[in-house]
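Colleague: Hey, I'm new to this one. Can you walk me through it?

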Amino acid sequence: MSKIGVVLLNMGGPDSLSAVEPFLYNLFSDHDIIEIPRLIQKPVARLIAKLRAEKTKHYYEVMGGKSPQREQTEQQAKALQNVLGENYKVVVAMRYWHPFTEEALRELFTEDISKIVLLPMYPQYSKTTTGSSFNEFERVFKRFPQVPVIRIISYHNHPAYIRAMVENIKEHLQSWESYFFLFTAHSLPVQVIKRGDPYKDQTEETVKLIMEHFPEVSYALGYQSKIGPVKWLEPFTDKLIEELIKSGVKRLALIPVSFVCEHSETLYELDVQYKSLAESLGVESFVRIPTLKDHPSFIEALRQLVISSLQ
Ligand SMILES: C=CC1=C(C)c2cc3[nH]c(cc4nc(cc5[nH]c(cc1n2)c(C)c5CCC(=O)O)C(CCC(=O)O)=C4C)c(C)c3C=C
Ligand SMILES: [Fe+2]
Ligand SMILES: [Fe+2]
């Protein structure tokens, strides 16, 4: 009997320190994430990857030598496979490191597949993340049997996703009423937003919907992980941490909002850099809420997204 293929799309991360530079090369070669004139994109990518590799390697050294993203995305795939059952086949396709889209599709087509659902591990749509993964899928898919493809574009306001975020916060924060909630999302060059990317609006909507469940709590949204010289979305999360603590906030909960598993941006920037910043400024309690990973309520949200995309 034929099956429905579900492809989880994510960024991917280096699986060893020697993979850092080629991973960065793949990332900077992507015109959807960084618009370098096409003719020179690859040589420039090689150069920036070389220049950045040492700094990035340091993040991964601190995290034990590799990104946990593959393992955690594969756990999400396994959990989703369990709840969807045997009429489905769930695989993982990463944009910049293994398993690449080609590997994912090869695995998928070891079975009789009648339809494919693309499910980004990015709740908020950006052309730099989901858009880039869709484009890569298109290029690679040409070489495979042409079955219908359904794209789940975003789920930033899906009630089951919001419920999972709310439950996850409550599970990791005792007496949440006494905390200031600081949401942190990946930043993006302002130019990308000006050209119509919905990422900022969708991120703000996610935060607003979560906060409807915490009516008494004060909160803010910051952006992290800017790189390079151009202007990126602000306020920056580290500046907000500084301002909040200096203005008297004593208990701070840091909540990653654009990531659904752990990686360098959460494990290094949040847990090492921002935590030590908050502590040096005298914070009383600093709690970083873990990402959703294979939280049963998040897997239920993914299940609902797949089922409703087929109706
Ligand atoms: C070059 C510009 C970049 C844009 C634009 C960008 C957007 C963007 N990224 C994520 C999520 C992740 N990015 C990660 C790593 C990472 N991203 C960039 C560059 C851009 N990202 C670089 C150079 C790197 C490598 C690390 C570094 O050198 O800083 C990761 C971590 C991967 C892992 O460790 O597994 C994630 C996750 C989002 C959500 C986003 C736009 C919305
Ligand atoms: Fe990034
Ligand atoms: Fe980043």
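Modeller: Sure. Keep in mind that this is a predicted model. Let's begin with the nonpolar core: the largest one has 82 residues, and Val6, Val7, Leu8, Leu119, Leu182, Leu252 and Ile255 touch the most other members.

Colleague: Why would residues like that gather in one place?

Modeller: In soluble globular proteins, nonpolar side chains tend to be buried together.

Colleague: OK, pick Leu182. Which residues does it touch, leaving out those up to four places away in sequence?

Modeller: Quite a list: Ala220, Gly222, Thr237, Leu240, Ile241, Leu244, Leu252, Ala253, Leu254 and Ile255.

Colleague: And Val6, what does it stand opposite?

Modeller: Val90, which is in β2. The strand β1, residues 3-10, pairs with β2 over seven bridges, and the sense is parallel.

Colleague: Is β2 enclosed or open to the outside?

Modeller: Largely enclosed by the rest of the structure, because six of its seven residues are buried.

Colleague: Switching topic. What's around ligand 1?

Modeller: There are 24 residues around ligand 1, and those that come nearest are Gly13, Thr56, Ser67, Gln69 and His263. By type, the shell divides into 11 nonpolar, 11 polar and two charged residues.

Colleague: Which helices supply at least two residues of that shell each?

Modeller: That would be α1 (20-28), α2 (38-62), α5 (127-141) and α10 (264-280).

Colleague: Does a database record say anything here? I mean, which residues does the UniProt "binding site" annotation cover?

Modeller: According to the UniProt record, an unreviewed entry, "binding site" covers His186 and Glu265. They are spread over 80 residues of sequence but cluster in space, with a largest C-alpha distance of 8.3 Å.

Colleague: Where do those two sit, and what's around His186?

Modeller: His186 lies in strand β5, residues 180-186, while Glu265 is in helix α10. Leaving aside neighbours within four places in sequence, His186 is in contact with Gln224, Ser225, Ser258 and Glu265.

Colleague: What about Glu265, what does that touch?

Modeller: On the same basis of skipping residues up to four places away, Glu265 touches His186, Gln224, Ser225 and Phe259.

Colleague: Is His186 buried or exposed?

Modeller: Buried, because it has 22 C-beta neighbours inside 10 Å and the cut-off for buried is 20 or more. Glu265 has 19 other C-beta atoms within 10 Å, so it counts as partly exposed.

Colleague: Ser225 came up in both contact lists. What's its phi?

Modeller: Near 70°, a positive value in a residue other than glycine. Ser225 is in the loop between β6 and α9, and it counts as partly exposed because it has 19 C-beta neighbours inside 10 Å.

Colleague: I also noticed Lys293. What's its phi, and where is it found?

Modeller: Lys293 has a positive phi of about 45° although it is not a glycine. You'll find it in the loop between β8 (285-288) and α11 (296-309). Lys293 is partly exposed, with 18 other C-beta atoms within 10 Å.

Colleague: Last thing, the peptide bond from His98 to Pro99: cis or trans?

Modeller: Cis, with omega near -5°. Pro99 is in the loop between β2 (88-94) and α4 (101-108).

Colleague: And what kind of peptide bond joins Glu234 and Pro235?

Modeller: A cis one, with omega about 0°. Pro235 lies in the loop between β6 (219-224) and α9 (237-246), and Ser225 is in the loop between β6 and α9 too.

Key
Residues are numbered from 1 along each chain as its sequence is written. Chains are lettered from A and ligands numbered from 1 in the order in which they are written. A residue is near a molecule or strand if its C-beta atom, placed from the backbone, lies within 6 Å of it. Helices (H or I, at least four residues) and strands (E, at least two) are DSSP runs, numbered from the N terminus. Ala, Val, Leu, Ile, Met, Phe, Trp, Tyr, Cys and Pro count as nonpolar, Asp, Glu, Lys and Arg as charged, and the others, Gly among them, as polar. A nonpolar core is a set of buried Ala, Val, Leu, Ile, Met, Phe, Trp, Tyr and Cys residues joined through C-beta atoms within 7 Å. A residue is buried if 20 or more other C-beta atoms lie within 10 Å of its own, exposed if 12 or fewer, and partly exposed in between; C-beta atoms are placed from the backbone. Two residues are in contact if their C-beta atoms, placed from the backbone, lie within 7 Å. UniProt positions are given in the numbering used here, feature names are shortened, and annotations may be inferred rather than shown by experiment. Two strands pair if DSSP finds at least two bridges between them.
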